[in-house]
Amino acid sequence: MTNATSRRTRTALILGASRGIGLETVKQYRADGWRVIATVRSQEAAQELQALGAETHVLDLTDSAATAGLAWKLDGEALDVAIYVAGIYGPRTQGATPVSQADFDAVMHTNVWAPMGVLPAVLPMVEAGRNGADEPGGVLAVISSRMGSIGDMAGNGGWLYRASKAAVNAVLRGVSIDAKNATCLTFHPGWVQTDMGGAGAAITPQESVAGIRRVIAGATRADNGGFRNYDGSVIEW
């Protein structure tokens, strides 16, 4: 590590940090001495993160006025890492089952429309950050899912969720084309023991986040626009 790197406090932005993977991400970056900025949807969640030393913003990421306000507040920041975590599952369907408009709107607004609004606003701040080798450009990531892989699809349970994750993968890939220095990645976090994954899931949030952070720390521009498992392996689009 260079002297310049050791003097510089790294900064991470976690979008959707109230619980699960987002909360654990805040905890791990703070434990490593990073400055962390986090968005949550309630004042109660904000207080929990503030107790960890994070800077918090209470907002709904599906509110375009709120996200525009966040971008204004963060204008001029240099973000070494920014991760969009927020997401919902929607109806737990089996098979190609029609979904209600209300379910469609809720899932697509959170999982697709919100990142389409906030990621382009955050990208310039990540361009101004530094990567793990202290070279220009940080890492902009989206927590997606292997269920969004079309090439890897072997089942169609959670049809709406799958469609939303395939769409957000396209969103991230599109942002990666605009990136000049930043490295943009979409992640499958594994089957994680969260409210969404359930208590019987294969790995803990701690394991998932530690893996994602290792991949981010080692990412280079050659990885830009990639789809990765939390262990770093490549996932088919």
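**Internal cavity and helix 6 of the predicted model**

One cavity of 30 Å³ or more was counted, a cavity being a set of points on a 1 Å grid over the protein atoms alone where a 1.4 Å probe fits but cannot get out. The largest cavity holds about 50 Å³, a volume being the space filled by probe spheres set on points joined across faces, edges and corners. Its lining residues (an atom within 4 Å of a point) are I21, T25, I83, V85, I143, V209, I212 and R213. Helix 2 (20-31) and helix 7 (205-218) are the elements that give two or more residues to this lining; helices (H or I, at least four residues) and strands (E, at least two) are DSSP runs numbered from the N terminus. Helix 7 provides the largest share, three residues.

The model is predicted, with local features requiring pLDDT of at least 70 and side-chain atom pairs pLDDT 80 or more, whereas totals for chains, interfaces and linings use all residues. Residues are numbered from 1 along each chain as its sequence is written, and side-chain values use heavy atoms, without hydrogens and water.

The end C-alpha atoms of helix 6 (residues 159-178) are 30 Å apart, in agreement with the 28 Å expected for its 20 residues at 1.5 Å a residue, the expected span being 1.5 Å times one less than the number of residues. Buried residues of helix 6 (under 20% relative accessible area, 1.4 Å probe, protein chains only) include L160, Y161, V168, L172 and V175. Among the elements covering the buried residues of helix 6 are helix 5 (101-127) and strand 5 (139-143), where contact means heavy atoms within 4.5 Å.

Key:
Buried means under 20% relative accessible area, exposed over 50%, partly exposed in between (1.4 Å probe, protein chains only). On a 1 Å grid over the protein atoms alone, a cavity is a set of points where a 1.4 Å probe fits but cannot get out, and a pocket is an open set with protein on both sides within 12 Å along at least five of seven lines; lining residues have an atom within 4 Å of a point.
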